[in-house]
Amino acid sequence: METQAEFRRSSRAIGWQVAAVCAALVLLGAGLALAYMFWQTRPAEVNGPPEPGSVRVFLDPADLVLGGVVVGLGAIVCAGAAAWLIARRAVRPLEEAARIQERFVADASHELRTPLAVLNARLQQLALRTPADDPRREIVGALREDAGIMSGIVDDMLAAATGTAPQRGSCALTEVMAAAVADMTLLAEGRGVRISTSPVTREVALPAADLRRCLVALIDNAIDHAPSGSTVSVTAVAERATARVAVADHGSGITGIDPSRVFDRFAHGSPVGGERLGDGLGGAGAGAGAGAGAGGSRTRFGIGLALVAELAERHGGTVRVARTGPDGTVFELVLPFADEGADR
């Protein structure tokens with residue numbers, strides 16, 4: 001697996017670095033020792049008559065240098081080998097933990113594919129048996145689309161676990177923004193929150209499924225922390241070669257955590273009004289507001305915004321907290337355009 005190979009490369013790198021440090025120390029010590037010995041070997045003592053009872057030992061400078069080089073090389077090799085063995089032993093528990101994690105993600109993703117395929121098949125049957133003039137046909141279509149998104153997420157998890165390169169692509173920002181807002185409208189209405197949009201008619205350089213996941217997570221976070229009766233705005237603007245998508249709410253702002261840390265996994269902010277603030281699907285940290293919408297805040301685990309950051313970085317984009325305060329929070333998603341004719 002790719003992770004195991006990375007651990008082995010790290011062990012070798014540690015061994016080489018320790019060997020390099022040992023080499024520098026051995027060379028420095030040998031140089032100082034040789035310099036001292038040459039300095040102590042004065043010509044007057046060498047050429048003068050021996051004193052009674054004294055013993056003289058003559059050493060060839062070439063032999064001294066050769067001996068020092070051999071001992072130094074041996075010390076360097078032994079130090080490097082010992083460092084590599086120690087590093088391998090130190091990273092072995094981490095390697096095993098990573099291997100178990102990869103296997104779990106791969107197994108879980110693979111096992112989920114079958115029930116999702118069955119779900120898609122049953123939804124297709126339901127769509128075929130639903131008359132075209134039936135008002136429930138639109139809901140069935142939305143369910144099929146949601147099931148397709150879930151299948152895409154599972155495939156993405158499986159690709160990540162097996163080290164497969166991320167899928168590349170592009171999508172129309174306007175269409176994906178509309179789809180993400182449609183996904184979250186029912187949740188927003190249940191909390192007494194409205195969603196407004198201002199899209200840009202351009203294509204961005206990431207697949208529609210990944211962009212939709214990012215937008216749904218950001219909008220969900222904003223809804224969860226927006227006061228009842230307020231509006232969550234999703235605004236896109238073109239700036240040079242990138243699109244800036246801002247998701248704003250009118251909550252009470254991020255509290256109890258530095259805004260730069262809201263994209264850390266399992267990060268949570270301070271409770272507000274007796275409720276624990278943080279994110280699960282949609283945000284990490286105290287989120288964007290007080291969570292005062294109807295129905296109360298849901299349980300959060302601090303993963304959603306971390307996933308948004310990973311998806312954005314994977315496709316050359318970024319996400320950040322553009323502004324936060326008592327009047328609300330703005331998350332800004334910056335994505336590159338798919339075409340090269342971007343506005344300058």
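Visitor: In which loop is the place of Arg240?
Guide: This is a predicted model, and Ala238 is found in its strand E4. Arg240 lies in a loop, and the strands on either side of that loop are E4 and E5.

Visitor: Is Arg240 buried or exposed?
Guide: A residue counts as exposed when its relative accessible area is over 50%. Because Arg240 has 63% relative accessibility, the class for Arg240 is exposed.

Visitor: What is the phi of Arg240?
Guide: Arg240 is not a glycine. Its phi is nevertheless positive, at about 55°.

Visitor: How does Ala238 count by relative accessibility?
Guide: Ala238 is found in strand E4. Values between the limits of 20% and 50% fall in the middle class. The relative accessibility of Ala238 is 35%, so Ala238 counts as partly exposed.

Visitor: What separates the C-alpha atoms of Ala238 and Pro199?
Guide: Along the chain, Ala238 and Pro199 are 39 residues apart. In space, the separation of their C-alpha atoms is 9.6 Å.

Visitor: How many helices and strands are in the secondary structure of the chain?
Guide: From the N terminus, the order of elements is α-α-α-α-β-α-β-β-α-β-β-α-β-β. The totals are seven helices and seven strands.

Visitor: Which element supplies the largest share of the largest nonpolar core?
Guide: The largest nonpolar core has 43 residues, and Leu173, Val204, Leu211 and Leu333 have the most contacts inside it. Helices H5, H6 and H7 and strands E4, E5, E6 and E7 each supply at least two of its residues. The largest share, nine residues, comes from H6.

Visitor: Which residues does Val204 touch, beyond those up to four places away in sequence?
Guide: Val204 is among the residues with the most contacts inside the largest nonpolar core. Leaving out residues up to four places away in sequence, Val204 touches Gly169, Ser170, Cys171, Leu173, Leu211, Ala243, Leu335, Pro336, Phe337 and Ala338.

Visitor: Is H5 roughly parallel, roughly perpendicular or oblique to H6?
Guide: The axes of H5 and H6 are 9 Å apart, and the two helices pack at an angle of about 40°. Because of that angle, H5 is classed relative to H6 as oblique.

Visitor: How do the residues of the contact of H5 with H6 divide into nonpolar, polar and charged?
Guide: H5 passes H6 in a right-handed crossing. The contact includes Leu173, Val176 and Asp183 of H5, and Leu211, Arg212 and Asp220 of H6. By type, the residues of this contact come to 15 nonpolar, no polar and three charged.

Visitor: Is the crossing of H6 and H7 left-handed or right-handed?
Guide: H6 and H7 pack at an angle of about 150°, with 9 Å between their axes. Asp210, Arg213, Cys214, Ala217 and Leu218 in H6 meet Leu305, Val308 and Leu311 in H7. The residues of this contact are six nonpolar, no polar and two charged. The crossing is left-handed.

Visitor: Which residues in H7 are buried?
Guide: H7 is one of the elements that supply at least two residues of the largest nonpolar core. The buried residues in H7 are Gly304, Leu305, Ala306, Val308, Ala309, Leu311 and Ala312.

Visitor: What is the phi of Gly316?
Guide: Gly316 follows H7. The phi of Gly316 is positive, near 85°.

Note on methods: Residues are numbered from 1 along each chain as its sequence is written. This is a predicted model: local features need pLDDT of at least 70, side-chain atom pairs count only at pLDDT 80 or more; totals for chains, interfaces and linings use all residues. Side-chain values use heavy atoms; hydrogens and water are left out. A nonpolar core is a set of buried Ala, Val, Leu, Ile, Met, Phe, Trp, Tyr and Cys residues joined through side-chain atoms within 4.5 Å. Buried means under 20% relative accessible area, exposed over 50%, partly exposed in between (1.4 Å probe, protein chains only). Helices (H or I, at least four residues) and strands (E, at least two) are DSSP runs, numbered from the N terminus. Contact means heavy atoms within 4.5 Å. Axes are lines fitted to C-alpha atoms, for helices over the stretch in contact, and angles run from 0 to 180 degrees between N-to-C directions. Angles under 35 degrees count as roughly parallel, over 145 as roughly antiparallel, 65 to 115 as roughly perpendicular and the rest as oblique. A crossing is left-handed if the near helix is turned anticlockwise from the far one by less than a right angle, and right-handed if clockwise. Ala, Val, Leu, Ile, Met, Phe, Trp, Tyr, Cys and Pro count as nonpolar, Asp, Glu, Lys and Arg as charged, and the others, Gly among them, as polar.
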